[in-house]
Amino acid sequence: MTTNSEQPKKPGVGQIFLEELNNRFKPPEKEKKRGRVGQTIAIPLLAVFTGLIIGGIFIILTTEQVYAAFGQSFGAGLAAAWEAVSKAYSGLFTGAFGDPARMIAALQSGDELQIRRAFNPILESLVTSTPYIFAGLAVALGFRAGVFNIGAEGQIFIGALTATFVGYSITGLPAIIHVPLALLAGAAGGAMWGFIPGWLKAKTGGHEVINTIMMNYIAFRLSDFLLTGPMKRPGSFNPVSPEILPSAWLPRFFPDPIRFHLGFFIALGIAYLVYWYLFKTTWGFELRTVGTNPNAAKYAGMNVTRNIVLAMSLSGALAGLAGANEVLGVNRNLAMAFSSGYGFDSIALALLGNNHPLGVVLASLLFGTLRSGATRMQLTAGIPNDIISILQAVILAFIAAPAIIRTIYRLRKPTVEEAGVTIRGWGG
Amino acid sequence: MTPVLELRGITKRFPGVLANDHIDLTLEQGTIHALLGENGAGKTTLMNILYGLYKPDEGEIFVNGEPFRVQSPSDAIARGIGMVHQHFMLIPVFTVTENVMLGEESLKPGGFLDREAAARRIREISTQYGLEVNPDSYIKDLPVGVQQRVEIIKLLYRNANILIFDEPTAVLTPQEADELFEIMRSLTAQGKSIIFITHKLREVLEVADIITVIRRGKVIGPVTPAEADQSKLAAMMVGREVKLELEKEPARPKEAILKVENLIVTDETHQVAVDDVSFEVHEGEILGIAGVQGNGQTELVEAVTGMRDVEDGKVFLMGKDVTHAVPRKFTEAGTAHIPEDRQRDGLVLPFPVMENLMLCTYYLPPFARRAIIQWDYVMLNATRLVQEYDIRTPSIFTAAGSLSGGNQQKVIVARELSRPIHLLVAAQPTRGLDVGSIEYIHSQILKRRDEGVAVLLVSTELDEIMQLSDRIAVMYRGKITATVSAEEATKELIGLLMAGTPLEDARQQIQKKATQSEKIGGAN
Amino acid sequence: MASTTNSQMFHKTFVRESPVRQRVMGAFFLLLALSIWFFFARSVDGSAIASFGLSTFQAKTQLDPWNLPALNTLYVLAIVCAILGGIQLSRGFKKYTNAVLAVVVGIFVFGFLVWATAGKSLNLVGLFNTTLSKAVPITLGALSGILCERSGVVNIAIEGMMLSGAMVSALVGSLTQSAWLGLFAAVLTGALLAYVHGIFSIKYKTNQIISGTVINIFATGLTSYISAKFMQVYPALNNPPTFGAIAIPLLADIPVIGEIFFVNNLFVFAMFIFIIILQIALFQTRWGLRVRAVGEHPKAADTLGIDVFKTRYTSVILGGMMAGFAGAYFTLGSAGRFDEVMTAGRGFIGLAAMIFGNWIPTGGRAAGLLFGFADGLASRMAILGIAIPSQFLLMLPYIATMIVLAGVIGKGHVPAADGIPYEKE
């Protein structure tokens, strides 16, 4: 039994961080902790690893040359299969991080443009990761509050719309005001789009999954209307908004072609803020309690309704920031086809990151890197970049059903049940 | 004669628990065999094994002398074994007929359901065994007593010969329970055999032909009712002498802390659940609210803790009007609340013990300073309470959900009683706990009373109400039909009141019975 | 004795029926009446005639168009609406409220058509034909959802299953040059994905919404991948034969109705047949009783010897087959080729139609037709030259679903165990 002399020691920041990453504080026994922390990190890693293997098998199965080579001989077939996979994945790697040989050559030549070009891929990966961080945080925050925000896509769209509007319509502002204003507009737009389903859930019990899906389509129709009507670029035949004014651009750190911009650091800052909010403040405690057991939250005197609405609004705001970040930092205008499924990917990110801000950041970096690399892989290896969606689906499947990973790699079952995502049916 | 059912050496292990340890049990035809044990002793596990819901690790089952390998409930049903579950296995949106025929459907040619044929059989069964029910009613519209009848009909419809009743009286009044016993006797008279699972001593002595006691997964006994009395059975059940009566000082009530006037509260379906209720709870006394489950106690408790809004009437806490106040106002005014359903309301199971121990006051200093949680203090507080209230947990970082039921309840008790309070609202504070935990929680409640806290105790366990309360109010269909002092309260009186008998009639009935038995006694 | 306690045990039930809904509904009816006057009647030229065509140029017997004086018709409609609203406010239609609501909404829609057509002409038969064909994937999607959710498994992967079905049917149809084989392959694909969904949500007890999301992402990726890698490179792989329109002898010759209902392609007929079969199967057969039992209270079903897992697998796979069938509609019944993400959210609208239709097949059909109508109307807006952007009309199904979900029209009964994995031990 515990005695008075065993005053708990104040854990260091790093320890708390690790333990919270592990979803909650853990028993202090050393061995137990290693096992648990080990699995929370091992399972995502193994999931990603297994996903890459399955992706490789998929590439082999869909490469005609492999079949032709197997027709010749078994060895040739294996060689062709290996070549197909290695070509694809090396394309993915150099696409994501850059070609080391080219980097060295560029550094030796000393030509600045060459250097920038050589190092661009890795920075481009960070650029691609940035909206993922925002969107992943959005979904993770929702999960922590027990709401399943499947509507990040719509909120991203609305955030992009409002940010774009502020970005091109208000003239004469200095960047120091215009940039934050446009970002804020994006957040507000997304927050509004999250608020509606949040309010409906809290007040009427209408399930947020259906409502956010509906809100997605309403957002698409609305953007379609705005971009072909009121917000259409004068003189353009395509549904695209006017160019955003340079004063609202998120500053880029290097000259062209490097698009790496301030948004990445804003995303990291926001991730820390979300972490602080969730785990250090009473508001975060309320949010997590409401998300885990709304009845107990009510019993403890928390305002469940307000917390659900707040969580959905905050989640929407984060998603809106993802949209604003893209239009202000990368595209500098809004076209109908600007979002490439961040909304659904963000669910995978949140789960891969165990709904923890740090986890989400790491997962976003991974996915951003994969996406960014896939574009180059498509060029060099002829593998459509949609392979990434397949990879993501497989990884998400393994994360969602860790039992599969445990079976494959013969890991032990954890003694305490994982705190899974607690989402019920439509009953509300 | 061959017993209809024989269990030999049944053993079942769950992670960390030996739920059944080589259990032997013999059921003779036409008898009622009681299976007595505390909560968590392993009775239900044993029956789930017999019914094919769990697989035993060791042991054999014989039905009519033949070995019986049960893989699934359908095997059990096929061999004539049926079970009335503690939580009814009925589908609320289906009719009685649909519920009964499910899995054993009568079909018309072409594969369509023949509801009429099934309803006809149900009527036959109702007449034969005196189980009145309308086959076309929807379950959700039926009161619990009738729902239980539907459960029994379900078994008879399948020609079950061995009927298992799992804690069947938990939801009934003593009088309704007597009715159920009548039905059970008529079933055995017609050749059925019954296993009767319970933890209530009185019922066992009243209805059983033979009693097997299970303690921590092991069989003690069997004994016959003639060989046993309540205290002997209690000792067999718990493994030591148990005081059936609690020692307590007489109450010294002072001024009213909680005052409720003409309270009207509705439930989720907007039906009146608490109907014009008035009462007072004074400093230093325990007011017990007795009643069968579902007579408005839940709503009453929620109304006087701010969890449910009040339709009409007033609630005063130490003179202040708190009628429409939110739970936090009650907490801040010094109310402690042990909720009826600890896992649903009282705890956040995946959260660590230390977070559960700050659940109601997390926003107040010293737990938080300007919305920043002071984790140092949270840990200190948890360490202190874990020790003081003897909460058995591996650490304060362990998820509350992985503790045993008794220790979960101790977490709630520790949290609620560790702050300065004037009123304690305890709803079903010992439901489903083992005897040790029950005794502990009772002693804590009494301790607070003696310190001058006003206690409102709501329980469907009549024994608990009788042991603790200084005054007893009986709720029936949303009304407090009577309030009696602890001295006057007898089980019989409260039982009659719980069934809706007016106080005067109940007194007279008891009087009459007393004189009658006196007469009989005198004649002898 | 037994019967006395029986009645005694009933709780006091003086239900206080909330009059709020009655008033809200009445006000809504009045609002629609007012809208007909305010938005439509005021802006219509007094002499304008709304001309509704009653036959297409293919019909054997050409009927004269139906000409209505726009303004007067609108006034009549507004007055009828207002009267119904008045009755609803004063004494209420009680249990017929929803039926009256349907009538009032119907009147409003008709008023809209009259206003839009004033001074022009609109072919009603063509509009209804479009409605029916647009309703096919939505209704089939709803049926797919009903099959899954009645057994207690939430399926938001209908979209992905449809998309995969569309892709596979185009591919197999092109390879074999047989529409039937394409259809068969699509159904098989749906079943396969549903089986995966089943493994995750039934065996591994994964959150069913996440499992559905996995399948959606996977289906989007896979179909786009195959499309980009093969179908766009070799056009022969994306050229399946299609199912043409079938005219049912005799019935097709009935004026107006014949053309709307009895000259259609396989998918429209199949939709109606599936609705009838599923409706009967769910509520009148042993299979249906068991599926519903498993969706409401799996443990109760289990204790009666019903295999919960098997029942759920069967339902989910049947649902997947339905979604695959719906997917084939896009390629074999409509476009004649596969395009990336061509289902464009129809699976999700199907899910909405399921909720709208209260988890009942016939209800799903009604919702499917309603949503199909909005779709069909939107495509005609431009032709009629109406000032309202078609995008807003296209938003209506989504908004309507949200309103239904909010319980304004009364809460439906969700299968009680919907979305909750069953733990046996």
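Strand β11 (residues 210-215) of chain B and strand β12 (residues 218-223) of chain B run antiparallel and are joined by four bridges. Strands here, like helices, are DSSP runs numbered from the N terminus (H or I over at least four residues for a helix, E over at least two for a strand), and two strands pair if DSSP finds at least two bridges between them. One of the matched pairs puts B:I214 across from B:V219, its bridge partner in β12(B). The hairpin made by β11(B) and β12(B) has two residues between the strands, and B:R216 takes a positive phi near 45° there.

A word on the ground rules. This is a predicted model, in which local features need pLDDT of at least 70 and side-chain atom pairs count only at pLDDT 80 or more, while totals for chains, interfaces and linings use all residues. Residues are numbered from 1 along each chain as its sequence is written, with chains lettered from A and ligands numbered from 1 in the order in which they are written.

Stepping back to the whole of chain B, there are 18 helices and 24 strands. The C-alpha atoms of chain B fill a box of roughly 70 × 60 × 55 Å along the principal axes. How does the radius of gyration of chain B sit with what a compact globule of 524 residues would have? The two agree, because such a globule would come out near 24 Å and chain B has 25 Å; the radius is taken over C-alpha atoms, and the globule rule is 2.2 Å times the number of residues to the power 0.38. Of the 524 residues of chain B, 52% count as buried. Buried means that 20 or more other C-beta atoms lie within 10 Å of a residue's own, exposed means 12 or fewer, and partly exposed falls in between, with C-beta atoms placed from the backbone. Contacts (C-beta atoms, placed from the backbone, within 7 Å) often reach far along chain B: among those between residues at least 6 apart in sequence, 66% join residues at least 24 apart.

The hairpin belongs to an open sheet of six strands in chain B, with the order β6-β9-β10-β3-β11-β12 and mixed pairing. At its edges are β6 (81-84) and β12 of chain B, each pairing on one side only. From one strand to the next, the twist averages 20°. Helix α8 (residues 230-238) of chain B packs on this sheet, touching β3, β11 and β12 of chain B, and its direction makes about 35° with that of β11(B). For such angles, axes are lines fitted to C-alpha atoms, for helices over the stretch in contact, and the values run from 0 to 180 degrees between N-to-C directions.

Within that sheet, β3(B) is mostly covered, with five of its five residues buried. In a regular strand the side chains alternate between the two faces of the sheet. Here B:I32, B:A34 and B:L36 point one way from β3(B), and B:H33 and B:L35 point the other way. Strand β3 (residues 32-36) of chain B runs parallel to strand β10 (residues 193-198) of chain B, with five bridges between them. B:H33 stands opposite B:I195 in β10(B), and B:A34 has B:F196 as its bridge partner in that strand. The pairing of β3(B) with β11(B) is also in the parallel sense, over four bridges; in β11(B), the partner of B:A34 is B:I211.

Chain B has another open sheet, with four strands in the order β14-β13-β16-β17 and antiparallel pairing. Its edges are β14 (272-282) and β17 (320-321) of chain B; each has a single partner strand, so one side of each is left without a neighbour in the sheet. Strand β13 (residues 256-266) of chain B is joined to strand β16 (residues 312-317) of chain B by five bridges, running antiparallel. There, B:V260 has B:V315 in β16(B) as its bridge partner.

Elsewhere, chains C and A meet through a contact that takes 41 residues from chain C and 41 residues from chain A. On the chain C side, the elements giving two or more residues are α8 (208-231), α14 (346-356) and α16 (390-405) of chain C. Of these, α8(C) gives the most, with 15 residues.

Notes:
Two residues are in contact if their C-beta atoms, placed from the backbone, lie within 7 Å.
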